[in-house]
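Got a minute to go through a fold together? Pull up the viewer and we'll read a few features.

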Amino acid sequence: MSILNTLQRAGTLVRASLIRKLDSARTITFSRTHCSEEENTSEGDSLAAETPKVACVPIVSVETSIKYMNSDAYKQTYGDDPVWKMYRRNFKGQIPPRKTRKTCIRGGQISTGSPCPICRDEYLVFDHRNVKLLEQFINKYNGSVLSYSKTNICQRRHKQLLIALAKAKDYGTITFDLPIRQYDYSEWKPSNN
């Protein structure tokens with residue numbers, strides 16, 4: 001009797017989890033990309049002429065992102081902290097996985113309940129000109145890039161971050177200069193009394 005009750009409970013849990021996955025109200029539409037169909041003009045291939053290509057173009061430009069970083073709305077949302085500071089990643093169990101998820105966005109929609117800090121805010125765009133955002137992902141003590149395990153951004157955004165930082169270094173918009181520290185060596189110098 002108890003085995004049948006256990007199987008019945010397990011079946012109910014499985015059905016409930018499937019219903020949650022198929023529920024369209026849970027999916028959050030993603031407004032970062034605007035997909036438009038472009039016709040393929042190759043006349044030689046009939047299959048390529050019949051299937052349209054889909055090109056996704058970001059709606060938010062880098063200039064808009066830079067204005068947002070300097071606006072009052074950004075200060076109200078994040079304050080003086082980096083964008084990743086107040087974010088907590090969802091994971092099973094007590095120990096977080098070594099790597100973050102591959103991407104938060106699949107098929108033009110946010111595919112997770114807790115997207116990374118960059119994917120959840122469409123006005124945060126990684127670009128070599130957006131210096132204020134890029135500086136939040138650089139360690140101020142040694143100039144290295146902060147790990148994705150600390151910032152909790154997805155792998156796709158972390159790759160975009162590395163590319164944007166490399167471009168920023170090449171263009172000279174970000175310099176990795178460390179502050180010079182002055183030491184007073186008289187404290188360690190042995191006295192000759």
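What follows is a short chat about a core, a surface patch and one threonine.

A: Ground rules: this is a predicted model, where local features need pLDDT of at least 70, side-chain atom pairs count only at pLDDT 80 or more, and totals for chains, interfaces and linings use all residues. Residues are numbered from 1 along each chain as its sequence is written, and side-chain values use heavy atoms, with hydrogens and water left out.

Q: Which residues touch the most other members of the largest nonpolar core?

A: In soluble globular proteins, nonpolar side chains tend to be buried together. A core here means buried (under 20% relative accessible area) Ala, Val, Leu, Ile, Met, Phe, Trp, Tyr and Cys residues joined through side-chain atoms within 4.5 Å. This one has 27 residues, and Val83, Ile118, Leu124, Phe126, Leu133, Leu134 and Phe137 touch the most other members. Helix H8 (155–171) is among the elements giving two or more residues; its four are the largest share.

Q: What does Val83 contact beyond its neighbours within four places in sequence?

A: Contact is heavy atoms within 4.5 Å. For Val83 the partners include Tyr74, Tyr78, Ile118 and Phe137.

Q: Is Thr173 buried or exposed?

A: In between: Thr173 is partly exposed (20% to 50% relative accessible area, 1.4 Å probe, protein chains only), because its relative accessible area is 35%. Thr173 lies in the segment after H8 and touches His128, Val131 and Ala168, leaving out residues up to four places away in sequence. A polar atom of its side chain is 3.0 Å from the backbone oxygen of His128.

Q: Where is Tyr183 found?

A: Also in the segment after H8. Tyr183, Tyr185 and Trp188 make a nonpolar surface patch of about 440 Å².

Note on methods:
Patch = residues over 30% accessible without salt bridge, like charges linked within 9 Å, V, L, I, M, F, W, Y side chains within 5 Å. Areas by Shrake-Rupley, 256 points an atom, 1.4 Å probe, with all protein chains shown as cover. Salt bridge = Lys/Arg side-chain N within 4 Å of Asp/Glu carboxyl O. Polar contact = N/O pair within 3.5 Å; in protein donor to acceptor, adjacent residues only side chain to side chain.
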